[in-house]
Amino acid sequence: MATAIAASTTSCFLSKASPFLPKNASYRTSLYFTRRLASTPKRSFTCRAIHKPQILTKEEGQPETLDYRVFFVDDSGKKISPWHDIPLHLGDNIFNFVVEIPKESSAKMEVATDESHTPIKQDTKKGKLRYYPYNINWNYGLLPQTWEDPTLANSEVEGAFGDNDPVDVVEIGERQRKIGEILKVKPLGALAMIDEGELDWKIVAISLDDPKASLVNDVDDVEKHFPGTLTAIRDWFRDYKIPDGKPANRFGLGNKAANKDYALKVINETNESWAKLVKRSIPAGELSLL
């Protein structure tokens, strides 16, 4: 049984000192979030305050069907968005991470960015459910309140434009997590994947509750304590489309993982892009802002 943490909370765009503390539960049980109220920082955008929220995941439909959705709801039963309503920043360069695909699974789950409340669903192609050709070996998901702007060319990565999605995270911890689980993670590096000409960042991170979390603080530590992992991640994402007859993906930045500082730069820049999106400074197109 999960235990609620009694506190008022608030969600602020671009807040750098956000002591938001999620309490992760099982797939079907509650997730509890806490965050102290603080004065609005100068660079903040609009804040949405929620008092003592109890956030739960709610399944609709059956897994591995076209209708299956995992929604996030508050204690009043109101649906919220895992992309827009879960804060990004926790302070001290720690971030919230929403699991879409558990490690050692192959169903291609993702936040439905074009549906109201952006639930997690299984991706489709030509009306059929999508699966990776083999299991992904790490927990995979998104950083909330980030967005890779498709109108913004990155001069450091071959002028590639953003892929119109939240930033992806590859979490390298030992435990298999659950769809909809929210982890506190620290970034360790970043891979600049170029997928059919679009920039699709992969932030390499580790959950703070992993036994090796204290040992890894930057990209060089990953190679020391998780030998071969960075190469394995790069090669997995490079090659996973080849069995479907598509070309291999490419990587910028010298085909190597950038360090933690670079990863933090990516996270902050895409958080700023997301803030412009939800303020409607940039056209949303088919993206849901609810």
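This passage describes the nonpolar cores and the aromatic contacts of the structure shown above.

The model is predicted, so local features need pLDDT of at least 70 and side-chain atom pairs count only at pLDDT 80 or more, while totals for chains, interfaces and linings use all residues. Residues are numbered from 1 along each chain as its sequence is written, and side-chain values use heavy atoms, with hydrogens and water left out.

The largest nonpolar core (buried Ala, Val, Leu, Ile, Met, Phe, Trp, Tyr and Cys residues joined through side-chain atoms within 4.5 Å) holds 46 residues. Buried here means under 20% relative accessible area, with a 1.4 Å probe and protein chains only. The residues with the most contacts inside this core are F72, W83, I120, I172, I233 and F237. A second, separate core has 24 residues, including A192, A205, A258 and L264.

Turning to the rings, eight aromatic pairs are counted; Phe, Tyr and Trp rings (for Trp, the six-membered one) pair if their centres lie within 6.5 Å, with planes under 30 degrees apart stacked, over 60 edge-to-face and the rest tilted. W201 and Y262 form a tilted pair, at 5.9 Å centre to centre and 50° between the planes. W201 is buried, at 4% relative accessible area, and Y262 is buried too, at 17%. F237 and Y240 pair edge-to-face, because their centres are 6.2 Å apart and their planes at 90°. Both F237 and Y240 are buried, and ring pairs link them with Y132, Y134, Y140 and W236 into a cluster.

Key: Buried means under 20% relative accessible area, exposed over 50%, partly exposed in between (1.4 Å probe, protein chains only).
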